[in-house]
Amino acid sequence: MASDGARKQFWKRSNSKVPGSLLKATPKVPTTPVKAKRVSTFQEFESNTSDAWDAGEDDDELLAMAAESLNTAVVMETANRVLRNHSQRQGFHKPPGALGPKQKPKPSVEPPSVPSGDLRLVKSVSESHTSCPAGSASDAGPLQRSQSLPHSATVALGGVPEPSTLSSSALSEREASRLDKFKQLLAGPNTDLEELRKLSWSGIPKPVRAITWKLLSGYLPANVDRRPATLQRKQKEYFAFIDHYYDSRTDEVHQDTYRQIHIDIPRMSPEALILQPKVTEIFERILFIWAIRHPASGYVQGINDLVTPFFVVFICEYIDDEDVDTADVSCVPADALRNVEADTYWCMSRLLDGIQDNYTFAQPGIQMKVKILEELVSRIDGQVHRHLDQHEVRYLQFAFRWMNNLLMREVPLRCTIRLWDTYQSEPEGFAHFHLYVCAAFLVRWRKEILEERDFQELLLFLQNLPTAHWGDEDVSLLLAEAYRLKFVFADAPNHYKK
């Protein structure tokens, strides 16, 4: 299904193929600029396609799945049926067997007859970040290119009456196998942290994410027997800080800090979770205690966002609801909430220990990182760099927030959690690997960036990137490109270490 040549193209920014969509080859048509209304159309498409598989596996496994031999006739029949049903729901009236959205009645655009064995992996629209030269073509298939991709695809990989069942079953087997690897590694008397990092780089299964994050952050020891005593001691220590410091939040010397925290928390997301009174109180205590205990920086806007991923991951140990964004924490026992609060504080503190110069006076760490990002992009994609410079867009105007919030305001929370799986697996992931992720993230939008010819529109686009429908597949592609950039441009951030 996927040739060796196709595999070699995986690391390229253009023409890389993503497993998950199988369609007949079609003639090329000119790529048109992405417009806002296409996002709306794609959202409608997503809402009508729920029989999808979640690409949460590591890239090698995805490629291995793509290389399996399939019954071509069954695959194409299934794909045609799914797409016909979708098009009918969308109000398109097409001849039976049509594969794409309604085409203009030009004979030259009709798909030619293709041998049944000529199947292609359709490029993920979330990864089409290189601009096409004038006159170049893009695949004309049933899935029109959009600015973002939901975390699911719709084409089944088997010839049974319920295609989504087989796809889910195949994923479940791989997920179960992957989960077993984590459990075996974590069950030993002394966890091999280096092996845990390697296994976690491609994502951590939800059932073991909390314990894995605590280990990778250095909060828990590798020795299993020492963990209960460590948890008890650290939790007791945190609540001793609460008893000692928290009542001083109304004192004149601390009231400005507490007031700013109190103002910032309601602005965070997901609102349905953060605005629950119990959660708000927990966040206020965590941020205030951290600020009091770190007077060199104190509380700075942006630190508040870094609490959320830890809290969400740890609270998931006590909540069965798949949509934790709207989960009701009132059903969580008080002792469990206390444990989550203390664990969140210590893990966030560990993270901030590595990037604290981002939040000291004048935030020199962020200033330096933005300069490194600018230098890196100028080497990776000179055209994008010159385009920004030509239109007088400064990197600080959009990338400051990328560094200050670690991209949390740019991508959905589920994507942040997946990013952090890898960040905690990388040496200095939040400080250094994050630079390559930001570079890959910027270049990901090169086509849209180069099409913008106005300063205001260009800056507005960079500050409001269309990632609302991003999922694990998009993050995996971003991380793969960042890893490639790190390998090729590994010397770029060296002067930061001096």
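Trainee: How many helices and strands are there in the protein chain?
Mentor: Good place to start! Keep in mind that this is a predicted model. Going along the protein chain, you will find both kinds of element, 21 helices and four strands.

Trainee: What share of the 498 residues is buried?
Mentor: A residue counts as buried when its relative accessible area is under 20%. Applied to the 498 residues of the protein chain, that cut-off gives a buried share of 53%.

Trainee: Which residues of helix α6 are buried, and why do they line one face of the helix?
Mentor: Imagine looking down the axis of α6: the buried residues fall within an arc of 95 degrees, so they line one face of the helix. Helix α6 covers residues 193–200, and its buried residues are Leu196, Leu199 and Ser200.

Trainee: Which residue has a side-chain oxygen that reaches a backbone nitrogen at the start of α6?
Mentor: Look at the start of α6 and find the backbone nitrogen of glutamate 194. A side-chain oxygen comes to within 3.1 Å of that nitrogen, and it belongs to aspartate 192.

Trainee: Is serine 248 buried or exposed?
Mentor: First find serine 248 in the loop between α8 (227–245) and α9 (255–264). Leaving aside neighbours within four places in sequence, serine 248 is in contact with His254 and Phe288. Its relative accessible area is 13%, and the cut-off is under 20%, so serine 248 is buried.

Trainee: How far apart in space are arginine 249 and phenylalanine 288, C-alpha to C-alpha?
Mentor: Arginine 249 also lies in the loop between α8 and α9. Not counting residues up to four places away in sequence, arginine 249 touches His254, Gln255, Tyr258 and Phe288. Arginine 249 and phenylalanine 288 are 39 residues apart in sequence, while their C-alpha distance in space is 7.7 Å.

Trainee: Which residue offers the backbone oxygen that the side chain of arginine 249 reaches?
Mentor: Arginine 249 is partly exposed, with a relative accessible area of 23%. Its side chain reaches a backbone oxygen at 2.9 Å, and that oxygen belongs to tyrosine 246.

Trainee: How are α8 and α11 oriented to each other?
Mentor: Two packed helices are described by the angle between their axes and the distance between the axes. The axes of α8 and helix α11 (residues 277–293) come within 10 Å and cross at roughly 80 degrees. That makes the two helices, α8 and α11, roughly perpendicular.

Trainee: Which residues of α8 make the contact with α11?
Mentor: On the α11 side, the contact includes Arg285, Phe288 and Ile292. On the α8 side, the residues are Tyr238, Phe241, Ile242 and Tyr245.

Notes:
Residues numbered from 1 in each chain as written. Predicted model: local features only at pLDDT ≥ 70, side-chain atom pairs only at ≥ 80, totals over all residues. Heavy atoms only, no water. Buried < 20%, exposed > 50% of the residue type's maximum accessible area, 1.4 Å probe, protein only. Arc of directions from axis to C-beta. Polar contact = N/O pair within 3.5 Å; in protein donor to acceptor, adjacent residues only side chain to side chain. Contact = heavy atoms within 4.5 Å. Axes fitted to C-alpha atoms, helices over the stretch in contact; angles between N-to-C directions. Parallel < 35°, antiparallel > 145°, perpendicular 65-115°, else oblique.
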